[in-house]
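User: I would like to go through this structure and ask what the terms used for it rest on.
Analyst: Go ahead, one term at a time.

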Amino acid sequence: MTAFGIDKARSGENLMKRLFLIGVVGCLAAFSTGCSGASDEARVENTYQKFRSAIKSGDVSALKKNVSSRYAAEFLAPGQEQKLAMLKAVVPDTIEIKHKDIREKEAIISTQGMKEGMAVEGTTTLILEGGAWKVYNESWEIKATVAEPSPDEQSSIVSDGSYVPSAHQAGEAENQKSVNQLMADLRNPNYYGKEPILDSLLKRGAREEAVRVLNEMLRSKPDFPSDVKGLLKQAGAPVTFDWQKSSFEPDENRFLWREVEFEFKDGRIYSSGHVYLGRDVVEGFSRPQRNEPPFPMFARYRLRVKGGTLIEPIEKVVEVEHRPGDHTWNNLEIASGLGKGEYKVDLYLHAQTVMPDGAPMSLNAGPVILTLEGE
């Protein structure tokens, strides 16, 4: 998640402008919950509840209104009522929302429920599409141990190679494919609902190759890295790479992060990324200021690692050259000698400059917080 805050210390003669800046600070601070704050959370939950209601009532039209275009296309072909019935068959009888993670363009809802007396856990991913939240993907995992079905009980449905929402994809149908075909489906960015594909690969002893493919997919920076990370967890593999990209455009009055990535490799954590330093901020470094003592001026970013086998967090602070534009770092080692465990890694930006009227200005961006797992 990210949060941006701007604190501009101005002189007392312009109270209205100061109040306006306070309002900006509040809005930017709320970005940690999706900028719109509670309104985005309400919109996400409203879409989710409409989706749940449409499944329960069997209303195909209502379902298509609340799912992404890729998902909705699954119900355009003949037999849509049967597809909805399959979807309804795997949904728990009771559902409880346990956690909501709402970002700029993606929201993940974690749920739990009961299905035929067995505990299940679900993950529903929503995306912003056309300015509205839409359900993009849903999967359910049975937590109880159940017996393997007999050959006579296995589904005879064979995928036609198009994407199929994981919530109603028949897993046993994947067992009819070759390992090579399953691997191709796993790599295919347009194949929807990959949990049954991975499950079949794991059953056939192809875990090592599947994990390698998933790591290649994650490092190619897909639109929805949470989907790939979920598959790695399904395979029991650590997530050793993560990244995030900002949706903000460069701003000459700001100090912004543009993209950041972290990787755990051989007991070390490395980072790459780039930040943007605005021209007006740089010009402020050479302006005379009216503060006494003078306000220190700088632009820097901090990379930090904590958790896992570390007793205390490790930080690396990098001073940014006083020139406008992009500033990049590649494979910068942040920490070494790390053992197995979960590590929180983050990026935080801070700059201090001077405004045209000589008043000091402090700019902050972040933190961008990601999670890695050491092998």
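User: Where is the place of arginine 212?
Analyst: The model is a predicted one. In this model arginine 212 sits in helix H9.

User: Why is arginine 212 called partly exposed?
Analyst: Its relative accessible area is 39%. Buried means under 20% and exposed means over 50%, with partly exposed in between. The value of 39% lies in between, so arginine 212 is partly exposed. As for its surroundings along the chain, leucine 232 is 20 residues apart from arginine 212, and their C-alpha atoms are separated by 9.7 Å.

User: Which residues make the contact between H8 and H9?
Analyst: The axes of helix H8 (residues 195-203) and helix H9 (residues 207-219) come within 8 Å and cross at roughly 145 degrees. Leu198, Leu201 and Leu202 of H8 meet Arg207, Ala210 and Leu214 of H9. By class, these residues divide into 5 nonpolar, no polar and 1 charged.

User: Which residues of H10 are buried, and what covers them?
Analyst: The buried residues of H10 are Pro225, Ser226, Val228, Lys229, Leu231 and Leu232. What covers them includes strand S3 (106-115), helix H7 (179-187), H8, H9 and S6. After H10 comes glycine 236, with a positive phi near 70 degrees.

User: What makes S6 stand out in the lining of the second largest pocket?
Analyst: S6 gives the most to that lining, with 4 residues. Strand S4 (118-129), helix H10 (225-234) and strand S6 (241-245) each supply at least two residues. The pocket has a volume of about 540 Å³. Its lining has 19 residues, and the closest to the centre are Lys105, Glu106, Asp223, Pro225 and Lys245. The lining divides into 7 nonpolar, 3 polar and 9 charged residues.

User: Why is serine 272 called buried?
Analyst: Serine 272 has a relative accessible area of 9%. The cut-off for buried is under 20%, and 9% meets it, so serine 272 is buried. Its place is in strand S8 (residues 268-277). Leaving aside residues up to four places away in sequence, serine 272 touches Glu259, Val260, Glu261, Trp329, Asn330 and Asn331.

User: How do you know that the side chain of serine 272 makes a polar contact with asparagine 331?
Analyst: The side chain reaches the backbone nitrogen of asparagine 331 at 2.7 Å. A polar contact needs a pair of N or O atoms within 3.5 Å, and 2.7 Å meets that distance.

User: Is asparagine 331 buried or exposed, and what makes it so?
Analyst: Asparagine 331 has a relative accessible area of 56%. Exposed means over 50%, so asparagine 331 is exposed. This residue is found in strand S11 (residues 325-335).

User: What is notable about the phi of asparagine 331?
Analyst: Most residues other than glycine have a negative phi. The phi of asparagine 331 is positive, near 50 degrees. Aspartate 266 also has a positive phi, near 55 degrees. Its place is in the loop between strand S7 (255-265) and S8.

User: Why is aspartate 266 called exposed?
Analyst: The relative accessible area of aspartate 266 is 66%. The cut-off is over 50%, so aspartate 266 counts as exposed.

User: Which peptide bond is cis, with omega near 0 degrees?
Analyst: The bond from glycine 366 to proline 367 is cis. Proline 367 is found in strand S13 (residues 360-374). Most peptide bonds are trans.

Conventions. Residues are numbered from 1 along each chain as its sequence is written. This is a predicted model: local features need pLDDT of at least 70, side-chain atom pairs count only at pLDDT 80 or more; totals for chains, interfaces and linings use all residues. Side-chain values use heavy atoms; hydrogens and water are left out. On a 1 Å grid over the protein atoms alone, a cavity is a set of points where a 1.4 Å probe fits but cannot get out, and a pocket is an open set with protein on both sides within 12 Å along at least five of seven lines; lining residues have an atom within 4 Å of a point. Grid points are joined across faces, edges and corners, and a volume is the space filled by probe spheres set on the points. Ala, Val, Leu, Ile, Met, Phe, Trp, Tyr, Cys and Pro count as nonpolar, Asp, Glu, Lys and Arg as charged, and the others, Gly among them, as polar. Buried means under 20% relative accessible area, exposed over 50%, partly exposed in between (1.4 Å probe, protein chains only). A polar contact is a pair of N or O atoms within 3.5 Å; within protein, one must be able to donate a hydrogen and the other to accept it, and residues adjacent in sequence count only if both atoms are side-chain atoms. Contact means heavy atoms within 4.5 Å. Axes are lines fitted to C-alpha atoms, for helices over the stretch in contact, and angles run from 0 to 180 degrees between N-to-C directions.
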